Structure formats: structure tokens, C-alpha cells
Amino acid sequence: MRLLVRLLGGISLAVIVVTAGFAYLEVQEERTRLEQDLQRRAALATDAVREAAEPLVSRNARAGYERVLARFGRPDRGIAIYDEFGSVIAATPDVKPHLGPLSPLITEAIHGDVIVRRFARIGGRTVWAHIVPLERDDRPVGAAATFVDADYLNTREWDLWRRTAVRLGVLILFLTGITWLLVRWTVTRPVARIAEWTKRLKSGEPVAPPPDADASLFGPLAGEVTGLARTLARARMAAEQEARLRLLGEHIWTEERLKQFVHMRFGTRPMFVVSNREPVSHVFEGKRIAELHPASGLVSALEPIMSACGGVWIAHGSGDADRAAGERVGLPSDDPAYTLRRVWLNAEEEAGYYYGFANEGLWPLCHIVHERPQFRAGDWEHYRAVNQRFADTLLEEMEKAEAPIVLVQDYHFALLPRMIKQERPDARVALFWHIPWPNVEAFGICPWPEEILLGMLGADLVGFHTQFHCNNFLETVERMIEGRVEWDDFTAVRGQHTTHILPFPISIAADDEQMSDRIPGRKALLTDLGVEAEFLGVGVERLDYTKGLPERLRAIRRFFERWPEYRSRVVFVQIASPSRSRIERYQRLQREVREDIRRINDELGDRDWRPIVYRERHHDHREIAAYYRNADFCMVTALHDGMNLVAKEFIAARDQDTGVLILSRFTGAARELREALVVNPYDIEDTAAAIRRAVEMPKEEQRERMARMRAQVREHNVYRWAALLLAELGRMPQSASSIRD
Ligand code: F6P
């Protein structure tokens with residue numbers, strides 16, 4: 001309140017001073033203008049009187065004076081004519097009785113033979129007196145005077161001041177109102193909300209993070225306080241989780257445990273992650289820069305680890321506002337724990353390295369989906385050059401770091417481990433391959449197998465999701481390059497350098513409790529979708545041909561054909577995030593999916609029911625969580641997938657132990673989530689039957705299955721994944737590491 005009074009006091013004072021100053025100038029101007037007008041009118045009238053009176057004074061013609069007075073006198077203008085001694089010869093009646101005090105002016109005009117002009121008082125009124133001598137033969141013989149009423153000048157001046165005062169009053173009233181509202185909206189209420197939030201936090205209540213304070217208003221302080229509050233909330237949550245787990249005697253990996261573990265095992269040795277996809281892209285929304293969290297399993301998995309352990313994450317800056325946001329960015333932006341270092345690529349490099357070699361070559365090569373890989377020498381050159389660019393950036397970043405830990409991610413950087421090890425043998429390098437590894441015959445399609453394998457074997461540790469992919473890789477190495485494969489301990493030895501090949505099934509953080517109370521319920525979600533449904537199914541993927549979308553749509557159609565009683569009762573929501581859309585095959589898939597859905601809805605749906613709701617755009621975590629949370633079943637029907645984290649995210653998002661997961665047997669996740677309804681996505685009848693089983697499954701059975709899968713995901717979370725991988729990396733003897741050329 002005191003702030004408001006002070007603010008309003010200051011504003012009012014400023015408004016009064018400024019308005020009064022301007023009003024003063026305006027009044028002065030107006031007065032000058034009116035005076036000039038008055039003087040001009042008086043001068044004209046007096047000249048006219050002089051012209052008429054001069055001959056009369058010479059002739060001393062009494063009767064003529066009355067005519068002059070009658071002609072030039074007016075209610076607001078008195079006239080007087082004097083003889084050479086300054087005595088009144090004739091005057092209009094309104095001034096005649098009051099002319100005595102003006103004699104000195106008349107004398108001055110006649111004796112000095114000059115025009116006399118000034119304000120004077122006549123009969124209690126202010127007048128402008130204009131007196132001119134009357135002459136004969138260049139000698140003054142009398143005077144003519146006009147007295148123009150000037151009282152109205154004061155009246156006008158007061159009018160102006162009065163109007164200014166009213167304007168000022170209205171302005172102050174208006175400003176007070178607006179300021180009061182603004183202060184309430186932008187200061188008092190947000191501050192009160194933060195205060196309330198802090199109070200609840202202090203009392204130990206579990207509370208969601210505070211709303212963002214207006215940084216444009218409070219400056220960097222707002223961000224700092226909000227960040228601090230969030231850190232506090234996170235720390236409290238972590239401590240409570242720790243205490244809970246300790247009490248339950250559970251050994252679940254948490255963010256805090258991972259942090260402690262990394263500290264114990266590696267001390268202050270810094271950690272570096274390299275991936276193509278950046279954890280956060282900056283994009284323009286109009287003129288505003290917004291953060292976009294990409295649809296990427298890799299990012300979902302690595303982000304919590306970097307938030308826990310800190311370090312530098314090197315990635316391709318691909319957002320259209322990335323350059324504006326900066327080459328180095330602290331993340332998460334509300335409470336930075338690690339640094340994102342961006343690498344810039346031009347369109348040609350991106351086309352060759354990312355779209356070309358990585359996604360039209362290696363991607364179909366590693367996934368058994370019967371899509372022909374495209375290998376072009378130009379793309380390969382770009383792939384090599386971009387790997388080198390990332391390696392150079394990494395070497396620059398870790399220039400001052402002793403024995404750094406480097407976690408290289410995925411098939412975009414097969415060559416990078418070797419490039420790093422050659423320059424920095426002291427670095428511990430792990431390469432995690434997030435997609436499947438094909439058998440040796442399939443891999444043989446690639447025109448540059450040796451260089452790729454040697455690049456990968458530069459790492460101390462190469463990780464895959466499953467033992468099966470490790471075996472494929474070891475076999476490929478054994479058959480394709482010179483060196484020794486030790487099957488007993490799953491290593492590949494070349495010269496002095498040993499690479500361990502081990503499985504680490506990746507996972508998710510599975511502790512996203514903070515979001516819970518902000519996720520809309522089922523009713524709100526259905527209303528938002530504009531549908532009514534007894535059963536809700538959901539699918540969430542990037543628009544990628546490995547995800548088996550057309551097959552899934554066929555299975556959904558088959559389900560409604562075989563069990564028509566479920567028409568109008570089941571609605572399936574497909575969330576599809578556009579991906580790699582510059583590649584023709586992805587564009588074709590997009591067209592195919594849209595067309596399939598349109599046809600199914602046209603042929604099976606009716607006025608009140610659409611079997612499939614299709615949402616093709618990027619969705620953020622909270623939006624997706626709402627679908628996971630409210631669906632009765634989730635379909636993951638990938639034709640081939642290293643792991644598939646959507647399956648795990650669906651399970652982690654369930655807050656009651658119900659819901660059914662339909663899961664392709666060709667995903668890495670199917671090896672862990674045994675309580676899912678495992679299907680062969682190519683078998684349309686089988687998948688359709690699984691949908692029926694899902695909607696008909698008794699709640700009790702759902703609970704049993706879901707509880708087991710939830711326990712599995714909770715225990716085998718991404719912190720455990722990182723801890724196992726890092727433990728393995730830390731355990732390896734520092735090999736002499738002379739990587740041969
Ligand atoms: O599955 C491989 C992978 O690189 C994932 O790690 C990630 O989720 C996905 O592909 C994203 O692809 P992109 O980065 O090309 O959009």
C-alpha cells in the first residue's frame with residue numbers, strides 16, 4: 001500500500017508540475033494574443049476617430065463631435081475628444097464621468113505630441129487607453145482617445161486556469177486508477193503469489209513450481225528468485241525422495257544418487273555430451289524467442305543426467321532463433337546446471353551429414369524395415385567433415401579439462417570417438433548407439449564399413465540397448481576389420497586399444513511428479529478434442545516409417561470391422577510430431593498416414609463419431625502427459641526400434657495402476673516390459689485382437705500388469721542407465737590408447 005501511495009504521490013506531483021508549466025505558457029501566449037488584438041482594434045478605432053475629429057477641432061464644430069461619438073462609440077468602447085488644453089470636448093456617456101484620473105495621459109499625448117497607450121482604470125473597470133494627438137499644421141490642437149474594455153482578458157485567463165485544473169484533476173484520477181490496477185496485476189499479485197508459494201514450500205507442502213515472475217518488470221532478479229525457488233523445491237523433493245527410499249530400503253537410482261556417484265567416482269572430472277539433436281532449440285514465435293523441447297528419446301534420456309551432473313553438451317544449433325539466443329546457453333534456463341554449446345552447420349552440410357548419410361543411409365541400414373539405404377559419396381564427405389567439426393569443438397571445449405569423460409550419442413557420430421582419442425588419449429570416451437545394429441550382411445551394404453567401425457572403436461566403451469545388438473556389432477567387427485574380438489568379455493582389441501561392447505537399456509527419469517497437478521483430467525481432454533468416448537487409445541511418435549503407423553491404422557480399422565460393437569465407444573488419438581520432413585520418404589509417409597486416417601474416418605465414422613483423432617504437430621511434455629494419463633491404452637507398434645521410450649513414458653505417466661500397453665515385439669522395450677500386450681505389428685489381425693483385449697481387460701488384471709511395469713521402469717530408470725554406463729567407463733583401465741592410423 002505504501003508503495004502505491006508513494007508511486008501515486010510521485011506521479012501526481014510530476015503531472016501537476018508538467019501540466020501547470022504548460023498551462024502557464026499557454027495562458028501567457030493567449031494573453032499576449034488577446035492583448036495584441038485589443039491594441040490593434042483600439043489603434044484602428046482611434047485612427048478613425050482622429051480622422052473624423054481632427055477637422056472638427058480645427059473648426060470648433062460642436063455638433064460634429066456628437067456624430068463622431070455616435071459613430072465610433074460602442075458598449076465596450078468609450079470615446080473622448082479633448083481640446084489643446086486637455087479639457088474634454090466630447091465623450092461617450094459611459095466614460096465621461098470617469099475621465100478625470102486620465103488627464104496626465106492626455107497631457108502627455110498633447111504636450112509630447114506622441115501616441116500614448118496603456119492599461120488604465122475607468123469607473124472600476126480595466127480598459128486599454130489609446131490616445132493620439134490631433135494636429136493642425138503639424139501642431140497639436142487636441143487629442144482623441146478610445147478606451148476599449150479589457151476586463152474580459154482577466155476573465156479569459158481565469159477560464160483557462162479553471163479548465164486546466166479540471167483537466168489535471170481528471171488526469172490524476174485516471175492515472176491513479178490505471179496505476180492501481182497495473183501495480184495490482186503486475187506487482188502486488190505476482191509478489192503475493194510468490195510469497196504464498198514460498199510460505200507453502202517452507203511449511204513442507206508439496207507444491208508445484210512458482211509461476212514465472214515478469215522478468216521484463218523485475219529484471220534479472222525475477223529470474224534469479226524463481227530459479228532459486230525451483231532449486232529449493234527440487235532439492236527438497238530429492239531429499240524427501242532419498243529419505244523415503246532409505247526408509248523403504250530401496251536402491252532406486254535418483255538424480256541425487258547419480259550426482260553423488262559421479263562425484264565419488266570421477267571427482268571434479270568434467271563431463272561432455274555430444275549429440276546431433278540439441279536439448280533445447282530456440283525458435284521465433286513472432287518477435288518473441290521461445291524454447292522448444294524436441295521430440296527425441298535421446299534428449300528425454302540425457303537431459304535429466306546433464307541436469308544432475310552438469311558439464312557441457314555439444315549439439316547442432318538447429319533452431320531458427322538459436323543464433324539470436326547464443327552459441328553457449330545455460331540450461332535448464334530457469335535454473336542452469338549445464339552448458340549447451342552449439343555447433344553451426346550450413347544448409348549443405350546439414351543436407352549431406354544429417355538428412356543424407358545419417359538418415360537416408362545409416363538409419364534404414366540399421367532398422368529392418370525394408371527401406372533401401374541411400375549411400376552417396378557426397379553425403380559421406382559431409383558426414384566426415386561434420387564429425388571432424390564436432391570433434392574440433394569438443395577438443396576446444398575440453399582443452400583445459402584433465403581426463404574428461406565424453407559421452408558421444410548415436411549414429412550421427414560414428415567417426416568422432418576415434419578423432420577424439422587420437423588427440424586426447426586421456427579422455428574416457430563412450431559411444432552410445434541409440435538404434436539397432438544390423439547383422440553383418442546387412443551392414444556390408446554400407447560402402448565405408450571399415451572407416452565407420454574404426455571410428456566407433458576409438459571409444460573405450462560402445463553401448464547398445466540390447467545384448468543382441470552388441471553381438472551383431474562384435475560379429476561385424478570380427479568379420480570386417482583386422483583385430484581381435486574377445487567374446488568372453490565382449491571386447492574388441494586393436495593394437496593397444498581395447499573397446500568394451502556392452503548393453504545398457506536406456507530409460508527415462510520416471511519422477512516427473514512436479515507436473516501431476518497441472519495435467520488436465522479426462523473430461524477436459526475429451527472436451528478439448530471435441531469427442532466423447534468410453535475408451536480412449538493413444539499413440540505418440542515422430543512421423544517416421546520405422547514406427548509402423550500405417551500398420552497400426554490398418555489394425556485399428558480391422559478392430560472396428562471385426563468388433564463393430566465398439567464403434568462410437570472407442571476413440572484413438574494419434575499424436576505425430578513431424579520429423580526429417582525434407583526427406584522424400586518421410587513426406588510420402590506423412591501423406592500416406594493422413595490419407596489412411598481420412599479414409600478410415602470417412603468409411604467407418606458417422607456424424608457423431610470419428611474413430612481417429614489426428615494431431616500432427618509438435619506437442620510439449622505436459623500436453624503428451626495428458627494423453628498418457630487419460631488413455632485406456634497406448635499403442636507402440638514400431639517395426640524396429642532400439643528401445644522406444646514412448647512405451648516407458650506411458651507407463652511412468654500413469655498415476656493409477658491401470659491402462660494397457662500394446663507393444664511391438666520388435667522394440668528393445670519389449671524385452672523389459674513383459675506385462676505389455678506384445679504384438680507383431682505386421683500381423684494386423686493379431687494387433688486388432690490386442691486392441692480388443694486392451695479394452696476388455698478387467699481392471700484387476702490391468703492393475704497387476706501395470707504395477708509390475710511401473711516397478712520395472714521406476715527401478716530401471718535413466719539414472720541407473722547413466723550410473724551403470726559411467727561405472728563401466730570408470731572401471732576400465734586407462735589403456736595406452738595409441739589409436740593406430
Ligand atoms: O532413435 C534415434 C534418434 O536419434 C533418437 O535418439 C531420437 O529420439 C530420434 O532419433 C530423433 O531423431 P531426430 O533427432 O532426427 O529428430
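The expected span of a helix is 1.5 Å times one less than its number of residues. The exercises below apply to a predicted model.

**Exercise 1. The span and end of helix α1**

Determine what span is expected for helix α1 and how far apart its end C-alpha atoms are.

Solution. Helix α1 covers residues 2–59, which is 58 residues. At 1.5 Å a residue, these should span 86 Å. The end C-alpha atoms are 83 Å apart, which agrees with the expected span. The axis of α1 nevertheless bends by about 35 degrees at Ala53, and a proline, Pro55, follows within four residues. Just after α1 comes Asn60, with a positive phi of about 55 degrees.

**Exercise 2. The surroundings of the ligand**

Identify which residues surround the ligand, and state how they divide into nonpolar, polar and charged.

Solution. The first step is to list the shell: Arg277, Ser296, Gly297, Leu298, Tyr354, Trp363, Asp410, Tyr411, His412, Ile435, Arg542 and Arg580. Sorting these residues by class gives 5 nonpolar, 3 polar and 4 charged.

The next step is to examine polar side-chain atoms against oxygen atoms of the ligand, with a cut-off of 3.5 Å for a polar contact. Three such distances are as follows:

- Tyr354: 2.4 Å from a ligand oxygen atom
- Arg277: 3.0 Å from a ligand oxygen atom
- Ser296: 3.4 Å from a ligand oxygen atom

As for cover, the ligand on its own has 390 Å² of accessible area, and the protein covers 91% of it. The elements contributing two or more residues to the shell are α8 (297–309) and α10 (347–366).

**Exercise 3. An aromatic pair between two loops**

Classify the aromatic pair of Phe375 and Trp448, and explain why it ties together parts that are 73 residues apart in sequence.

Solution. A search of the whole structure yields 32 aromatic pairs. In the pair of Phe375 and Trp448, the ring centres are 6.4 Å apart and the planes meet at 80 degrees. Planes over 60 degrees apart count as edge-to-face, and the pair is accordingly edge-to-face. Phe375 lies in the loop between α10 and α11 (377–397), and Trp448 lies in the loop between α13 (440–443) and α14 (449–457), so the pair links parts that are 73 residues apart in sequence. Both residues belong to one aromatic cluster, together with Tyr353, Phe357, Trp380, Tyr383, Phe390 and Phe413.

**Exercise 4. Backbone geometry in loops**

Find which peptide bond is cis, and give the phi values of Ala403 and Asp410.

Solution. Most residues other than glycine have a negative phi, and most peptide bonds are trans. The bond from Leu331 to Pro332 is cis, with omega near -10 degrees; Pro332 is placed in the loop between β10 (328–331) and β11 (338–343). Ala403 has a positive phi, near 40 degrees, and is found in the loop between α11 and β12 (405–409). Asp410 also has a positive phi, near 80 degrees, and its place is in the loop between β12 and α12 (416–423). Asp410 is also one of the residues that surround the ligand.

Conventions. Residues numbered from 1 in each chain as written. Predicted model: local features only at pLDDT ≥ 70, side-chain atom pairs only at ≥ 80, totals over all residues. Heavy atoms only, no water. Near = heavy atom within 4 Å. Polar contact = N/O pair within 3.5 Å; in protein donor to acceptor, adjacent residues only side chain to side chain. Areas by Shrake-Rupley, 256 points an atom, 1.4 Å probe, with all protein chains shown as cover. Nonpolar A, V, L, I, M, F, W, Y, C, P; charged D, E, K, R; others polar. Bend = angle between axes of the 7 residues up to and from the residue. Phe/Tyr/Trp six-rings, centres within 6.5 Å; stacked < 30°, edge-to-face > 60°.
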